[in-house]
Amino acid sequence: MATGICVTFSSCKKMIDVEPQTSVGIANMYRNVFDADAAVIGVYGKVMKLAKAYVLMNELRGDLMDITSNSDANLRQLSEHTATASNPYIDPQPFYEVIVNCNDVLANFKKMYAASKLKDVEFNQRYSDVGAIRSWVYLQLGIHFGTIPYVTNPVVQLSDLKDSANFPKVSLPVLIDSLTAFTEKLPYTDDYPTGTTLLTTVDGYNTQKFFINKNILLGDLYLWQGQYDKAADRYKRVLEINGPTGNSELWYNQYRISSFNNASISYTRAFDFTSLVYTNGWRYLFERPQADNEFNWEMIWSLPFDKNFEPVNPFVDLMSPIGGSYQVQPAQQAMDLWNSQTQVYVFTAATPTAGEVLRDNFPLDSRGVFSYRLINGKPVIMKYLYNYLGSTNVPVNILQKPGKWFLARAATLHLHYSEAANRAGKYKLAYALVNKGIGYTYDPFPGNSVSANRDVTNIQQTFLPYPYDFDARGGQAPAYRNTWYRNIGIRGRANLKPVTLPLTDSVTNVENMIISEDALELAYEGERWSDLLRVAIRRNDPSFIADKIYDKLRKSGLSAGAATAARNKLLARDWFLPFKFK
Amino acid sequence: MNAATKKPIRGVSIKYKEIAASITDSAGNFSINLPVKSGLLLLESDGYQAKEVPVSGSAKLKIVMYDENFSSPSEEAVLPTATFTKTVTPYAATGININDGWNRYGETPDAYLQGKVAGLNVIRRSGTSNIGAALFLRGINSLYATNQPLIIVDGVIFDNSSVGGSIISNNYNNPLSTIDVRDIDNISVLKDASFLYGTKGGNGAIIISTIRAKELGTKIDFAVNGGFNAMPKNLPVMNAADYRTYLSEILKTKGMSDADIQNQPYMNDDPANPAYYAYHNQTNWQDKVMRNAYTKNVYLKVTGGDNIARYAISLGFLNNGGLTKNTDISKYNMRFNGDLNLSRRMTATTNLAFTFADQELRDQGSASKTNPLFLALVKAPFLRTNEVSASGVESPILADRDTLNISNPVAITQLGQAFNKAYRFFGSIGFNYTLTKKITLSSTIGITYSKVRENFFVPRKGVTTDTLFNAIAYSRLGTQVTSLFSLYNDTRLTYSAIFKKQHSLTARLGARYMYAKTEQDYGLGYNSAIDELVSVGNGVNGLRKIGGEIGQSKWMSTYLDVDYGYADKYFLSANLTADASSRFGKNASSGVKIGSNVFSLLPSVAASWLISSEKMLAGSKIDLLKLRASYGIAGNDDIGNYTAKQTYVSQNLLGMQGLVRAGIANDQLQWEAVKKLNVGLDLAVLKERLQLSFDFYSNKTDKLIVYEQAPTASGFDYVVSNSGGLKTTGLEASLSYRILNKKNYSWDAGINIGKYKSSVTRLPDDKIITNFAGATYITKVGSGPNEFYGHQANGVYVTDAVAASEGLSIRNADGSLTAFKGGDIRFADLNSDKIIDDNDKMILGNPNPDFYGSFYNRVSYKRFSLNALFTFSVGNDVYNYTRAQLEGMSNAYNQTDAVRNRWRTNGQVTDVPKATWGDPMGNSRFSNRWIEDGSYLRLRTVTLTYDIRIRSKFFKNASVYASGNNLVTFTKYRGYDPEFSPTESIFGQGVDNTLEPQVRSVQIGFRVGL
């Protein structure tokens, strides 16, 4: 009967089908490169929603961030390593929301490519970007949850949900191998080149730094895997992303921890630590407008929160006592670490007076001064609040919460590269990058100015094969500047005394130094837990992570009672969060 | 003969199908030659109720006939395909005698139906005019899809959903309000006969037929009415003195010192203090926002025509003042219906209707900053509406929001605005073409277009601010336009024949097609420069928000329907529908795939046995005895326009718009399938004076739409699937009795009553928890679909020591425990872990009534008649959200007088806990403290009519009447009124979130016929 009726009309399908109008049906979704761009933007829109969980899981579980008296029981669980699966801060669902979109995009990009709706280069760039995001999200899930469902099919229909083959569970080592295998096959690992439709300026933001750096992701994956040469190779590609042709300011400064990039800790008066420069310098890296040169030279991957658009910057509520609810604070352990450093004003060659020596060797790291600040007597994590609170602790508008999420910057890159180089046996190189730079370290008479009339032909370089080759020559006779000549090292940029290392067991000592420097430089940027866990697994030494967490909790005014239990748990290699399956 | 006067009636037409006919003579006698041994005779006469009489063999019959007001078992019910008398239909279908519609002009058809039909539970949404009622025909069949019956007006499906909801809080754009009750000829309620609407028939159907000219002569009816709506009794909130005591106490628990409290302006009793007059008043805020209001109405109806064309025209105007000050509605409606005889074989009908309503409203419900009624309850009584000088001279300027941060309700009623302008056009044309004697082709095409434009303005003066994610909202502005367009066609071939004079057979093969498009566009703005700038465009640019939704659906239903009758004793109906819809998934599991579309195949069968036509009952005292049974499957296609599809929605990255997956698609998504079983019995005795109908039914919904929890690794929280099951069984009975039947007076009384019980039979997850206005509902297998779920309160701890000895605590957000103390509520610790938390919740009640219904009395004496309709609902539980706010004692809201008895010191025995700012112990949490019995018995309408004796030839008839609505209500419920329905969803029924209550109204009117 029904068919009978249908035959009398020209097309039954047309009679019945409707296309959604305020959403987009699959038929109208993946048609051309602009649709592909919309898909990529959609994925990044979803990534933005991970910011809070990313920072909390990586930092509050680590040794640098602590709860406050405002924290709820769930944050406390996270800090004390007693979280249960129902803890809302560790819900894996938003991560999988990114993944389901990535899977959908990847599968459909392949179809578009097969149907010639995307050109080779368009497909390669976008497919690789989204593929890398998926790997990055999975790496995060693996680090935190250990064994997780590894979904790679686009789960479209309810019937796909019921098929357990779509949800295989894999452990962290297997996951890392799978992610590496997938990611290294991505057809395009560079940044989007100029002229790509996705590179634009929107609402005053250049989109260039919105996208994940695939080489750094690969470097990290190799670092987890223990393939140090491959890791160093990937990092090195980013370190030297510019040069030696093109704009020399870019190839001297970009990602090179350069003495010229206005990112140093500095003072306006000699031997006077009250003259610490607030703007420019290292602190200003976290406040800088997204468009300026120095931002571009340091930041590799950063997503902004804007006052006019959702999602609302989650860090204000989390960290600020003004306009927020101040739920996390710097751990005493972190503050102790900064205060155990020696800040110097000048690398003076002349002989200072005794008083000057005292004032020039102040027991702190000014990066600590800028990483947290006392507001009403309470330590407040500041890196995320500079766009909101400003120097006077008074928000311009208490309800407008601009800010940034820092996912990778030059310092991260240098430290990770150093970690790889060290494990690859290049201790001195690692030491150089972390301390006072290549030129200084590979110079028999360090400290001479570039303009000093010296022949540097055979110094200031590593003389190592790729990817460990660095040339930092900067001399006058003959006049010569290589791309690394401005490199001053992580600690050099912070005007800290270089670390003095014992001569035994260089690998471990240099690695310890790097992990310690990770804390000082990158605190609260979401690197900590993965740094600690990676090394603990690599060394097969759970005490490496357990003792650090123990120290944090022990020194915490709020969680001291939980220190031993947490240590024992971590010593038993119980590192992972419970996974909420439904 | 006439049943009352016992006098013979002349000129009654007597018919047996189209086969034999006769007419009574002046002595009331007739004879008719029946070609068959038994059958039903149809008797009709002007001024009398039509009647069907069974005949078997050759017999002498003595038949009495009743006046038109008598409710007869031969009353007509309009079924989807044809009009039947109740005598012969195998279905549970009720036709409604709508004679009293003239006195009920102010009501919408849905509200009018209250108490009219056994099994139809009509719950008026609120006392706001035009807002209508939620209709539950035989209880609950669905959790998330609609539970409202399908509405058909003049053969066309009437889209009765409110597009996109209202931007005015708790307002409802009621499409049925566009039909004037007086424009209705007949309403038939199909409890099971809705099978013919296939996947739209799951909740039964209500078929409305509008006015048609029944005779050729021109007939004019004109009515004019006026009335008065009375304010309800005020709720007993505290006076200024009691409130001040309460306030100082609660502020102290906030941490304010005695000195700080004494420094507050309202505590300073020195008349020399400049703020003295602003804070020392005794304001009855309820009187400031509510009022008595007037209503007026004019209506004209003209019918007439000739052999070729007949017409029925109506015009109406109504103005009704709302309970809240400055609210009212003006409504204009027009209808033009025509019947045309185009040729010997072809007839046509046309319907045109247009309605325009212009209504001014205010926010209602859970809008604590802008609902004037709520604000009037909680506003400090010592404040005043206007600013006042230090010497006590009142300024014409309204007072701003107060120091306690509560809006001035009068600022909302005076300076605020909320308008709703609704238009609806309906037009249809139907053709009927007789192909052969037995076969007819008919087709109806209907078009509906409706548009609702709303705007609101919340002034900055006098109103508490809102916080947006990036700004403070002082003034708030909004506008919305929603529209609906629908196109409907129903075309069918009808074969109708009588074989061997005893077998009647009618078969229909047809198809229905419906296309509907809805659109909603809204804009919200904030912070216009001054309160005189009230339109959205004046808001701050960066804060403006726009949004909307466009929904489209297409539905095609093919149907085959057969009615067979033998000897007017045995009746059988069967039908089969096959529907395709844009909403169904491509792989819907229980359908049949034809081409690329899935068709539902839903069969039904119904049979009845008219026992009173059997020989054995011939001449007995039983006038009518009929057994009915029906069984079949109908569907519910309210499953979302695009739920089955894989769709993408926009996702911003700063100001860039990307696209992301909307969710998990479900290509197996299908209609909910409602398996309906009905068994019924109809009985009439004492010459039909006593009539009884009884029905038992069981509705089982399979493939119930549920939001099923999705695994975390899917990336989504839930997926919509057909994975639930629900069962509703019920009984209903109606009884009517003409107690007295004399020449000058008669007395009719009747009762109808319905009862149902629903239980969930299948869910994919353990339970579903739903929240509405602070109420929590639980849905789980084995219990009802929407039961209240919360804590049990067992009084108040008399002393700290008693509390300590029980040792109960709550867990704070930071994980620490706080112990209950004296003056806290003693909650039941169901799992005995000494901690009161979610694990101690239990079922507290159920918003569904144990039984519901109505009874009526109609007494006429000479030219007077008195009609009274009582409605009742028994055993329905209500969450009194309003009282939870008024006795929660957690903030500066004024409270009811009950809290004067609050706990203050150790040893005090009371059932009211202590007042604490912010209620840290959760004493006012959702518990049985706020659950009340919502049972009520109400004198719903009462009407006294006097027919004026007319001697003029010009006037045909005239009457005056007085009527009252909601005059008396018996209830223990402590809110304004026990009847309300704040949402369409079953999760929200029984929650009194401070809506405008029903008003008591009286009207007088005059009606004249020319």
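Modeller: pLDDT is the predictor's confidence in each residue, on a scale from 0 to 100. This is a predicted model, in which local features need pLDDT of at least 70, side-chain atom pairs count only at 80 or more, totals for chains, interfaces and linings use all residues, and side-chain values use heavy atoms, without hydrogens or water. Residues are numbered from 1 along each chain as written, with chains lettered from A and ligands numbered from 1 in written order.

Biologist: OK, what share of chain A's residues reach a pLDDT of 70 or more?

Modeller: The mean pLDDT of chain A is 91. Over residues 1-5 of chain A, though, pLDDT stays under 50. Counting the residues of chain A that reach 70 or more gives 96%.

Biologist: Which element of chain A has the lowest mean pLDDT?

Modeller: Elements here are DSSP runs numbered from the N terminus: helices are H or I with at least four residues, strands are E with at least two. At the top end of chain A sits helix α10 (residues 214-225), with a mean of 98. The bottom end, with a mean of 45, is residues 2-8, helix α1.

Biologist: And in chain B, which element has the highest mean pLDDT?

Modeller: Chain B has a mean of 91, and 100% of its residues reach 70 or more. Its lowest element is strand β5 (residues 76-78), at 75. The highest, at 97, covers residues 787-790 and is strand β40.

Biologist: How much area do chains A and B bury between them?

Modeller: Buried area is the accessible area (1.4 Å probe) that two parts lose on being put together, summed over both. The contact (heavy atoms within 4.5 Å) takes 68 residues from chain B and 76 from chain A. Carbon and sulfur atoms carry 65% of the buried area, which comes to about 6,000 Å².

Biologist: Which residue of chain A forms a salt bridge with B:Glu708?

Modeller: A salt bridge is a side-chain nitrogen of Lys or Arg within 4 Å of a carboxyl oxygen of Asp or Glu. The structure holds 85 of them over all chains, and the count between chain B and chain A is four. For B:Glu708, the closest N and O atoms are 2.6 Å apart, and the partner is A:Lys162.

Biologist: About how many helical turns separate A:Asp233 and A:Arg237?

Modeller: These two form a salt bridge, with the closest N and O atoms 3.2 Å apart. They are four residues apart in helix α11 (residues 228-239) of chain A, so the separation is about one helical turn.

Biologist: How are α18(A) and α22(A) oriented to each other, roughly parallel or roughly antiparallel?

Modeller: Axes are lines fitted to C-alpha atoms, for helices over the stretch in contact, and angles between N-to-C directions run from 0 to 180 degrees. Helix α18 (residues 410-423) and helix α22 (residues 506-522) of chain A pack at about 170 degrees, with axes 9 Å apart. Under 35 degrees counts as roughly parallel, over 145 as roughly antiparallel, 65 to 115 as roughly perpendicular and the rest as oblique. Therefore α18(A) and α22(A) are roughly antiparallel.

Biologist: What about α23(A) and α24(A), oblique or roughly parallel?

Modeller: Helix α23 (528-539) and helix α24 (residues 542-555) of chain A have axes that come within 8 Å and cross at roughly 140 degrees. So α23(A) and α24(A) are oblique.

Biologist: Which residue does a cis peptide bond join to A:Glu310?

Modeller: Omega of that bond is about 5 degrees. The partner lies in the loop between β7 (299-305) and α14 (314-319) of chain A. The residue is A:Pro311.

Biologist: And which residue is joined to A:Tyr466 by a cis bond?

Modeller: Omega is near 5 degrees in this bond. The partner's loop runs between α20 (438-441) and β12 (474-476) of chain A. The residue is A:Pro467.
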